[in-house]
Amino acid sequence: MHFLSQDLEDYIEHHSEKEPALLAALNKETYQKILLPRMLSGHFQGRVLSMLSKLIRPLNILEIGTYTGYSALCLCEGMQTTGSLHTIDIKEELVDFQRKHFDLSPWGTQITQHLGEATTIIPDLDVKFDLVFIDADKENYINYFEMIVPKMNQGGIILSDNVLWSGKVVQEVHKNDISTQILIEYNKLLRDDPRIETVLLPIRDGLTVSRVV
């Protein structure tokens, strides 16, 4: 679902910061070689992630859902020089693709890839995070959130992607549509949880910014 016309989306992208050459190459190669390339954050959302990271200046970043590594590199743009980014994904076939582009960036040695289920990896991360980006299986969003909050520094930011879910969150939900049901519950949790303050931005498929108080 497009919430804005294609003309407006093109205008917005044209009047935002240009996509860096490394990310443009990653974008192109993803579309050439990888299934479901629309999962990529892409130019506009990538610049949003970059800008938020530059405003936050995180020391440690956690990303849940690496895909081909585009969003990880965007988040690294604001990371402190001594910082680290941990990124988790379950797709073994993408590990080498991700690493290739990570190592072409200035942050290759600061990026740690984790392969496996995030629900088993997150509890073993002995790190306090300043910035977290959740962009993985929707059925586990609530589980990820509950695991992450105790590992956040005060004032840390949790970004949650796809929270509008192509508009399904305001439509009649089929009883077997677990992802939409979970996202509706998740959005309510982010609105009501006293540990955070939240704003939901209508960027692409919905991006929630939650600050740990």
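In this predicted model, a good place to begin is Phe 145, which has 0% relative accessibility and therefore counts as buried. Tyr 186 is buried as well, its relative accessible area being 0%. What kind of aromatic pair do Phe 145 and Tyr 186 form? Their rings meet edge-to-face, with 6.2 Å from centre to centre and 80° between the planes. This pair links distant parts of the chain, since Phe 145 sits in helix 7 and Tyr 186 in helix 8, 41 residues apart.

The count of aromatic pairs in the structure comes to 2. Tyr 141 and Tyr 186 also make an edge-to-face pair, in which the ring centres are 5.2 Å apart and the planes stand at 75° to each other. Tyr 141 belongs to helix 7, which covers residues 141–148, while Tyr 186 belongs to helix 8, which covers residues 178–192, so this pair ties together parts of the chain that are 45 residues apart in sequence. Tyr 141 and Tyr 186 are both buried. Taken together, Tyr 141, Phe 145 and Tyr 186 make up one aromatic cluster.

The cysteines come next. How many disulfides does the structure hold? The number is 0, and a look at two cysteines helps to show why. For Cys 74, the closest cysteine sulfur is that of Cys 76, and the distance of 9.2 Å is too far for a bond. A disulfide would need the two sulfur atoms to lie within 2.5 Å. Seen from the other side, Cys 76 has its closest cysteine sulfur in Cys 74, again at 9.2 Å and too far for a bond. Are these cysteines buried or exposed? Cys 74 is buried, with a relative accessible area of 0%, and Cys 76 likewise counts as buried because its relative accessibility is 0%.

Finally, Ala 25 offers a view of another part of the model. This residue lies in helix 2, which runs over residues 21–33. Is Ala 25 buried or partly exposed? With a relative accessible area of 42%, Ala 25 is partly exposed, because the partly exposed class lies between the buried limit of 20% and the exposed limit of 50%. How far apart in space are Ala 25 and Asn 176? From C-alpha to C-alpha, the two residues are 39 Å apart, and in sequence 151 residues separate them.

Definitions and conventions:
Residues are numbered from 1 along each chain as its sequence is written. This is a predicted model: local features need pLDDT of at least 70, side-chain atom pairs count only at pLDDT 80 or more; totals for chains, interfaces and linings use all residues. Side-chain values use heavy atoms; hydrogens and water are left out. Rings of Phe, Tyr and Trp (its six-membered ring) pair if their centres lie within 6.5 Å; planes under 30 degrees apart count as stacked, over 60 as edge-to-face and the rest as tilted. Helices (H or I, at least four residues) and strands (E, at least two) are DSSP runs, numbered from the N terminus. Buried means under 20% relative accessible area, exposed over 50%, partly exposed in between (1.4 Å probe, protein chains only).
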